[in-house]
Every structure is written in structure tokens, then in C-alpha cells.
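Colleague: Can you walk me through this model? I'd like to start with confidence and then go to the sheets.

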Amino acid sequence: MDQTFEALLDIIRGYNPKMDFEKLTKAYDLARKAHEGQLRNTGEPYIIHPLAVATILAELELDADSIVGALLHDVVEDTDYTVGDISREFGDSVAIIVDGVTKLGKIQYTTKEEQQIESLRKMFLAMAKDVRVILIKLADRLHNMRTLKAMPEDKQREKARETLEVYAALAHRLGMSKIKWELEDLSLRYLDPIAYKEITESIRQKRKEREQYIDDIIATFRQKLEELGIHAQLMGRAKHFYSIFRKMFTQNKNIDEIYDLFAVRAIVDSVKDCYAVLGMVHELYYPIPGRFKDYIAMPKPNMYQSLHTTVMGPNGIPFEVQIRTQEMHKVAEYGIAAHWKYKEGVSGETDMDEKLAWIGKILEIQNETVDTDDFMRTLKIDLFADEVFVFTPKGDVINLPAGSTPIDFAFAIHSAIGCRMAGARVNGKIATLDYILQNGDIVEVMTSSAVHGPSRDWLKICKTNQARTKINQWFKKERREENIIRGKEMIDRELKHMGYTHMELTKPEWADFLLKKYGVHNVDDLFAAVGYGGLAVSKVLSRIKEEYKLNQKNEKSLSSVQNAQKKRKTSNNGIIVEGIDNCLVRLSRCCNPVPGDAIVGYITRGRGVSVHRADCPNIISEAESTNNAQRLIPVHWEERGTDSSYLTELQVSAYDRQGLLAEITSLLYDMKILITSLHTKVSKDQIAYVYVTLEINSKEHLDMVVKKLSRLGGVFDVERCNA
């Protein structure tokens, strides 16, 4: 058995010796077989990745279905196995987890951003059913970030930015600070490698003197605690790199000006001891005003509890002290993974469901977002915002993002209260609606039956997406006719400002394009969405302008084909285009035509003529379309020598055996064929598919390559690929 898998089992035995190890072994065997022959970008066997993800979850002491889901999390996405197969073998619970983690790779989207957004939507839906989905997703992203060095630089930055903006924020929201810190530091390493190196070097150079400073403080604490008879575990905590970077950036300081790079953490036996230690600290050192936070009395939404205080230490250097119980410490490190109903086998509603209610709120808000481009912006606000704690007149604590106003407070209580709001009192005094709420404020909402709904101006004042969504919902429902008129006027006004007429940019044939893009049923719905503020008029018109410009280029291209004299023009690709002079010509990548192939040209929108093989499925589909058949144009190969080279991709199908790949590459090397890319896939019935992209100079040359590859042992088919 694999040593890494054995190490995983050893971790599990340490916290749950009664776990279903037979089920774990069965999942590992299936994953190993499914991913056999697949390699990671690092060159390692792919099975290393699901094993690493499962190990991260085992370190969080999660249950059997979580570990099984981690081992199988890429099987549906990357192999021939289906969610149904997983359900039959391991049950519905594991199947739901695996399906929730699987990206939406098989659905076609207009842009990569849309695909990312819809994958995130799917993930949140799955989280609402089973929070283990996001625990696996976080572990998956953590291991990918640990091995990100093997990816190209542009991919490194793209993954690092997404990790920082979404996954580190999710880890924070779930209270999983240990994973959050590592994700942030790894992201910084790729997003700003110079800053990362400077910080790590500075920390390393002055580590000894800082550690000595903290050790002296801990020694003082330990002596005092013994006198008080309080048992405490004391430790120094280094501030992680991204936190230092943020402080340098926001406060415009260099690292030498940041003194609280380390904190002292005291872990005690009881809440009573927490406050006793706090009193001791404030007796020893002068507390800095405004830097004390009691997260025990008012826990953060992510369940974090601790006492924080910053004091002036020896030599006038400030340092932070964190005080918590052992249980609080476990929750602070592992968040929701520290205690949840799946771990204990509890069924039905628990207090954990209440703590995860924010997931449902995010889903509710995002379902009301017409423009998917706004998804990331609103998601980041929901995940990242710092908190402020305020009270109702009855003493209930309401948690809101920092910067919230009485409007946000009203809608957090209930949408009906928000819609009938006439004013607010804060700490017994009348407050303006744009007043920024502070920690500890007592807020009272004044309502009136004479108020018939919120004001549009509130959208500029409120901070929370919950308030903004509820206000938009009211206008959407109550003022539809007014919204349609308002939206049409806004579009017309913006058109005039841009120098276009209404007729130019609002052709009926473009309506379907816009309705599909924004998920509305008709043009009135689109006008209404603009009118009530759910959709920005600038975004609608930018989409229309793109379509308009493409249409203009298309009309010019068609006109040049219809009016040009029959001329012969050779492109740099050795293609002669009938009827067009000075035309951009490119070989289509979907079928990679080579000299000798029967070919046909297709007039694209603004990108010249695309040349396809006559048997290309894409061009056959276009020819069957009445609207696009007129774009087809005759082209043929110019008589040339054998100096030019062309890319083509082959699929070699063979019975999987040792040495197959080596024989293929050796044969191509002997034929002096340049290989530009090569990858393989092995099916569960042990059929190997080798995809190889080559540079050849003619169809005759290609036929010779195909013939020789077909003669290799075990090869039963060699064919050209269509993308």
C-alpha cells in the first residue's frame, strides 16, 4: 500500500480509531485507478493531489465521508466516472459532496469570468446543503497553492488573486484562521514576489532580537501567573507575512516602523481565568486606548472568541496580547471544522445551522443579482467586511459590516421594518440615516404607516448587500411601470450622450443576445432592471456597442466579398483566396488544415478569413446555417516547396503498456518531426490515448507519420483531431 496513504490512515487512527477504514481504502483504490497515467504540472502522479487534500482534512479531524470525498473530489471532473457511480459505490452523502466540488467544466460560457462565477454560485448552493463541500474546496486550493510553482507565471497570478479574493475570505468567514493565513501568504508570494521576499528577509534578520523581547515578556507573565495560581499555556505568535504587508500598505510604513510583529498568546482553563489574565496584563503594562476588544462577550460571526489588548511594553515598544480558553483556541485555528454536526453524527437542526445562516443570505442576495458581473463585488463585501456590533433597545446584538448605517440596521431586523423606516435614534438621540454606526451603539428604528416604501437615495447610503437587495426588490415589485419608463429614458439619454441614435444601437435582432446575457424574459424586463438599479445602463450599452461594432465589420467584410473582382491573392500561410485582395488569412486551430487537404474559407467578424478543412465539423455546421452559408468562400493551396511547416494534432489510441510513450516519441525523433505538445489519458478499461501536436509540411508527410505510428505494437488507431 502507498506510504502516503498509510500516513493518512495513521493520522485518522490518532483521532478516530473506529472510522470505516475499509470505505477509505475502497475510495483510495478507485481514485488511484481512475487517475492512473495522469500527471500533475509538477510531473508527479496525479493521485498525490487527492491524497494531500485528504491529509489536510484529516489534520482537521474530519469524518469518513469528508475524507472519502477528498480522495474522490477530482474523479468526476477528470475521468470517465460519474456522480451516479460515486453514489452507488459510496452513498448519496459522498456523491453530493463530490458533485458540489466539481467545476462546471462541461457548460459553455461566453467568458472565463462567467464560468468562474457560475462555478462559485454552484459551490455556494452545495455549501448550503453540506458545508463539507467548502472544507474540501479549501483543502484542494491550499494544496494547489503549495504546488503553484509548477504553473506558468500568468496562471500563478490568476490563481493567487482568486485565492486571496475568494478562498482566503471564505476561510476567514468560517473561522479557519490557520488555513486563511497560509492561503494569504502563498498568494502574496506570487502576487508581489518582491514585497514577499523583502518581508521574509527582514523577519529572518531580526528574528532573534524580537524573540528575545517576547521571551522576556513571557517570563514576566509566567512568574505573575504562578503567584495568582492560574495555569496558562504561553506562546509567542508571529504576525503572518500578508498581515505585515497589509499594515505596511495601508499605513504607508516600512517594516522597521511596525513594532507589533509578534504577539503573546495565553491559553487558559476557563473564561473566568481569561478576564483574570487580562487584569494582570493591564497591571503590568499600560494599555493603549481603543485597542481592547472583547470577542468573548461578543463573538465574531465566524465563531471566533478571544480577548485582545495592545499594551505599551518595555522600551516603549507596543505588543498585542490574546487571551482565550483551549476550546476557543481550537475554534480560532480550525473554525467550523472544530465542531460541527457531521463530526458527531448528529442529525436535525443544531446551533451550527444558525451559525451558517450567512451562506443562505449570500445565496438569496446573489439570486437577485441580474448582472453576473456584480457577483464578485458583492461576494467580496459579504466575505471580507470587518464587523461592527450594535444593540437593539431590548439588548439583542446585531452584527453588521463596518461602515453600516441605520438603514442597514433596519433591513437586518426585517425587510418590512426597513421599507417603513421614517428615521432612527442612536443612543437615545435622533440620528441621520447616513450616520456610521459604532461598536456598542443602541439603535432604534422609527417606522410610520405613512411611509410607502424606501427612497432610491438609500441605495447610495446603505452598506450591506442585504439592504441594497431588499430596496431593489421593493422597487422591482412595486414600481414596475415606472421602472420601465425610467430605464428606457436612462438608456436613451446615455445613447445621446455617446453620439448614437436609438435606432442605431437598439436593433430588434440584438434583443435575444441581451435577454440571454442578463437572464430576463423580455425587453420591458431589461428596461425595468435598469430603472430600479439592478443593472447598470453603462454595462448594457457597452454590450450593445460591442455587437454593433462586430456587425459593422461583418457588413464591410461581406461587401468586399460581393463587390471585389475575382483576384488571386496569396497569404503568408500559402493560401490563395478567391475574390479578396489584401485579406487577413489564418489557419483554423479547430482542424489544423495542411497542404493537400480539401479546404474552404469562412469570413469571420473582423478577423479576416479563417481556413478550415472541408470535413471540419464546425464548418459543416456553419454551412447548414442559412445565415452563415454566405460567409463561405473558395480558397486553395498555393504551389509551394517543403520549407513551410504546419501544426496538426493526432490522437494515437493503443492498449496501455510500458514503454508506449517512449516508442512514439523515439519514432517521431527519428523522422525529424518536431513535437510541440504531448499529453496522455488512460481510460478505466486500460486504453491509452496519446495526443501529440506536430509540425509537418504536407498531407503526404502527415500520412507517412500516421502510417508509421499505426505499425507500433498495441496501436489500433491513429487519427487527426478536431478541437
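Modeller: Here is a short tour of confidence, two sheets and one loop residue.

Modeller: This is a predicted model: local features need pLDDT of at least 70, side-chain atom pairs count only at pLDDT 80 or more, and totals for chains, interfaces and linings use all residues. Residues are numbered from 1 along each chain as its sequence is written, and side-chain values use heavy atoms, with hydrogens and water left out.

Colleague: What is the mean pLDDT of the protein chain?

Modeller: The mean is 78, and 76% of the residues reach 70 or more. pLDDT is the predictor's confidence in each residue, from 0 to 100.

Colleague: Where is confidence lowest, and where highest?

Modeller: Lowest in helix α17 (residues 341–344), with a mean of 44. Highest in helix α3 (residues 48–59), at 94. Helices (H or I, at least four residues) and strands (E, at least two) are DSSP runs, numbered from the N terminus.

Colleague: How many contacts does the stretch 104–111 have beyond near neighbours in sequence?

Modeller: Nine in the model, with pLDDT below 50 over those residues. Contact means heavy atoms within 4.5 Å. Residues 564–570 also have pLDDT below 50. That stretch has 22 contacts beyond near neighbours in sequence.

Colleague: On to sheets. What is the order in the open antiparallel sheet of four strands?

Modeller: β20-β21-β19-β22. Two strands pair if DSSP finds at least two bridges between them. β20 (674–682) and β22 (715–720) are the edge strands, each pairing on one side only. Neighbouring strands are turned by 20 degrees against each other on average, direction ignored. Axes there are lines fitted to C-alpha atoms, for helices over the stretch in contact, and angles run from 0 to 180 degrees between N-to-C directions.

Colleague: How many bridges join β20 to β21?

Modeller: Eight, with β21 covering residues 687–696 and the two strands running antiparallel. One of the pairs is His679 with Tyr691 in β21.

Colleague: Where does Lys672 lie?

Modeller: In the loop between α31 (660–670) and β20.

Colleague: Buried or exposed?

Modeller: Lys672 counts as exposed because its relative accessibility is 76%. Buried means under 20% relative accessible area, exposed over 50%, partly exposed in between (1.4 Å probe, protein chains only). Its C-alpha atom is 9.8 Å from that of Glu695, 23 residues apart along the chain.

Colleague: And the open sheet with mixed pairing, what is its order?

Modeller: β14-β16-β15-β17, four strands. The edges are β14 (585–587) and β17 (632–633). β14 pairs with β16 (residues 609–613) in the parallel sense, over three bridges. Val585 has Val609 in β16 as its bridge partner.
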